[in-house]
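Take a walk through this fold, from its sheet to its helices and loops. Keep the sequence and the model side by side.

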Amino acid sequence: MNPQASALDKFLDQHAFQSEGDILIFRAVPGDYLRRFAGRTVLCRQTYKPDAEALAGLGVEVVTDSDAPAGLCIVFATKHKEETLYHMARAASQLHEGGSLVVTAANDLGASSLEKRCAELLGGVQSFSKHKCRVFWGAKASARLDRALMASWLRGGELQPIPGTDLVSRPGVFSWNRIDPGSRLLAEYLPDDLAGCGADLGAGYGYLSRTLLARSSAVAELHLFEAEHKALEAARLNLAGFASSVRLHFHWHDVTAGLPVERLDFVVMNPPFHAGRDAEPGLGRAFIRAALTSLRPGGCLYFVANRHLPYEETIRGLAGSGKTLAEREGYKVMKVWK
Ligand SMILES: C[S@@+](CC[C@H](N)C(=O)[O-])C[C@H]1O[C@@H](n2cnc3c(N)ncnc32)[C@H](O)[C@@H]1O
C-alpha cells in the first residue's frame, strides 16, 4: 500500500480522532484507511486517472474538483510542494469552523517543512510519524487562521504562465514551470509535413501538440491523451488558438489501457518513465504498444526517451521499424514506422 495511506491508517487507528460532517480527501489514493469512514459521506478529489479509476472501483465517489464544505479534510502530499500547499489552503477554506485538516506526507516529500507551514496556516498542529511519513493535524479556528498565507498558497496552485513562454500550467502537472528538456529535444526533430489525424500521448500541458500544430498546417485532427486532468485543462487553454482550424480532442485517459482511436497518421510522445519514484520502462513500452496499435500501416511515431531505456525490442516485437534521429543530453529521439 502507498506509505502515506498506511501512515494515515495507523494514525486513525491509534488516535481517538473525532470528526463530524462530510469528508473531503485531496489527492486521495486507495487504502485501508477508507474503511474507517464507512457510513460517512466521503468525496475523493483525484485528478490522476489511474488513481481515480482505482478509487471508483472501490465504490467511492471521485471528482476532479469540489468546492463542497467539509467537516474533515485530508490532504495527501505530492511531489509538488506548491500543489500540497494549495490543497492545504483549499482544505482550510472549505472546512467548517472547528473542522479538522489532516495531512499525510512522506518524509522525502518534505514532510517536516510541510508540517511547519501547516502550523503557520492553522496556528498550530500535532504530529505523528510512521512508515517514513508524518501525519499532522489541526483544527480550523478562524481567529488563528493566517488568511494572507492561505490566499498566497491558493494563487500559487492555480494556472499561471510558464516563465519565458506564452503557455500556462500549474503545480501538479509534469514539469509544470519549464519546458521539459526531453520534449524540447523531440520538438527539434518533429517535421513540418505532418498531416491528417494524429495523437499526442501523455500530452501534458500541450507543448508538443502546440509545437507540431504551429509547424504542420496540414494536420486536420489531433487527439491529446493525458492521465492528469490538471494538465489537460492547461492544454485546452494552450491550444485554444488552433480550435477553429483543427479538430481537437482532449481525453482524460490512461494510455496503458490502449487508445479508443485507430488508423492514426502519426503519433508523438514523451512517455513517462517513472511510476512513483522508480524508473519503470514498462510504462514506456505500454505507450509504444498503444501508439503502434493505433497507427495506420505506414503511419509514424516520433518519441523521446531516456537513452538507457530498452525500447528497441518492444518496437521490433510490434513489427515496427525504428531509426534513432538523435542521441543527446541523456535522451534519444526515435522515429518508428508501422
Ligand atoms: C514525460 S511527461 C511529458 C508531458 C508532455 N508531453 C510535455 O512534453 O511536457 C509524460 C506525461 O504522461 C502523463 N502520464 C503518466 N502516466 C500516464 C498514463 N498512464 N496515461 C496517460 N498519460 C500519462 C504524465 O502526466 C505526463 O504529463
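What follows starts with the sheet, moves to the helices, and ends with a few single residues.

The model is predicted. Begin with the sheet. It is open, has 7 strands, and runs in the order 3-2-1-4-5-7-6. The pairing is mixed. Two strands stand at the edges: strand 3, residues 61-63, and strand 6, residues 126-130. Each has a single partner strand, so one side of each lacks a neighbour in the sheet. From one strand to the next, the twist averages 20°.

Start at the edge formed by strand 3. Its pairing with strand 2, residues 42-45, is parallel and spans 3 bridges. One residue pair helps to place the register: Cys44 has Val62 in strand 3 as its bridge partner.

Now go to strand 4, residues 70-76. How much of strand 4 is buried? The count is 7 of its 7 residues, so the strand is largely enclosed by the rest of the structure. In the strand order, strand 4 sits between strand 1 and strand 5. With strand 1 it pairs in the parallel sense, over 4 bridges. There, Phe26 has Val75 in strand 4 as its bridge partner. Strand 4 and strand 5 also run parallel, joined by 6 bridges. On that side, Leu72 stands opposite Ser100 in strand 5.

Strand 5 covers residues 95-106 and includes Glu97. Is Glu97 buried or exposed? Its relative accessibility is 53%, so Glu97 counts as exposed; the cut-off for exposed is over 50%. Exposed as it is, Glu97 still has contacts beyond its neighbours within four places in sequence: Lys140, Ala141 and Ser142. Look at Ser142 in particular. It lies 45 residues from Glu97 along the chain, yet the two C-alpha atoms are separated by 6.8 Å. The side chains of Glu97 and Ser142 make a polar contact of 2.6 Å.

Turn to the helices, with helix 5 as the centre. It spans residues 147-157. At its N-terminal end, Asp146 acts as the cap. A side-chain oxygen of Asp146 lies 3.3 Å from the backbone nitrogen of Ala148.

Which residues of helix 5 are buried? They are Leu149, Met150, Trp153 and Gly157. Seen down the helix axis, these buried residues fall within an arc of 100°, so they line one face of helix 5. The other side of the helix carries Ala148 and Arg155, which are exposed. Ala148 thus appears in two roles: its backbone nitrogen faces the Asp146 cap, and the residue itself is exposed.

What covers the buried residues of helix 5? The cover includes helix 3 (81-94), helix 4 (111-122) and strand 8 (160-161). Take helix 4 first. The axes of helix 4 and helix 5 come within 8 Å and cross at roughly 125°. That crossing makes helix 4 oblique to helix 5. Residues from both helices meet here. Helix 4 brings Arg117, Cys118, Glu120 and Leu121, and helix 5 brings Leu149, Met150 and Trp153. Those three residues of helix 5 are among its buried ones.

Helix 3 is another part of that cover. Consider Thr84, which lies in helix 3. Its relative accessibility is 0%, so Thr84 counts as buried. Setting aside residues up to four places away in sequence, Thr84 touches Val75, Ala77, Thr78 and Leu114. Val75 has come up before, as the bridge partner of Phe26. That contact ties Thr84 to a residue of strand 4.

Finish with two loop residues. Arg27 is found in the loop between strand 1 (23-26) and strand 2. Its phi is positive, about 55°, although Arg27 is not a glycine. At 10% relative accessibility, Arg27 counts as buried. Ser175 lies in the loop between strand 9 (168-169) and helix 6 (181-189). Its phi is positive too, at about 45°, and Ser175 is not a glycine either. With a relative accessible area of 14%, Ser175 is buried.

Conventions
Residues are numbered from 1 along each chain as its sequence is written. This is a predicted model: local features need pLDDT of at least 70, side-chain atom pairs count only at pLDDT 80 or more; totals for chains, interfaces and linings use all residues. Side-chain values use heavy atoms; hydrogens and water are left out. Buried means under 20% relative accessible area, exposed over 50%, partly exposed in between (1.4 Å probe, protein chains only). The arc is that of the directions from the helix axis to the C-beta atoms. Contact means heavy atoms within 4.5 Å. A polar contact is a pair of N or O atoms within 3.5 Å; within protein, one must be able to donate a hydrogen and the other to accept it, and residues adjacent in sequence count only if both atoms are side-chain atoms. Two strands pair if DSSP finds at least two bridges between them. Axes are lines fitted to C-alpha atoms, for helices over the stretch in contact, and angles run from 0 to 180 degrees between N-to-C directions. Angles under 35 degrees count as roughly parallel, over 145 as roughly antiparallel, 65 to 115 as roughly perpendicular and the rest as oblique.
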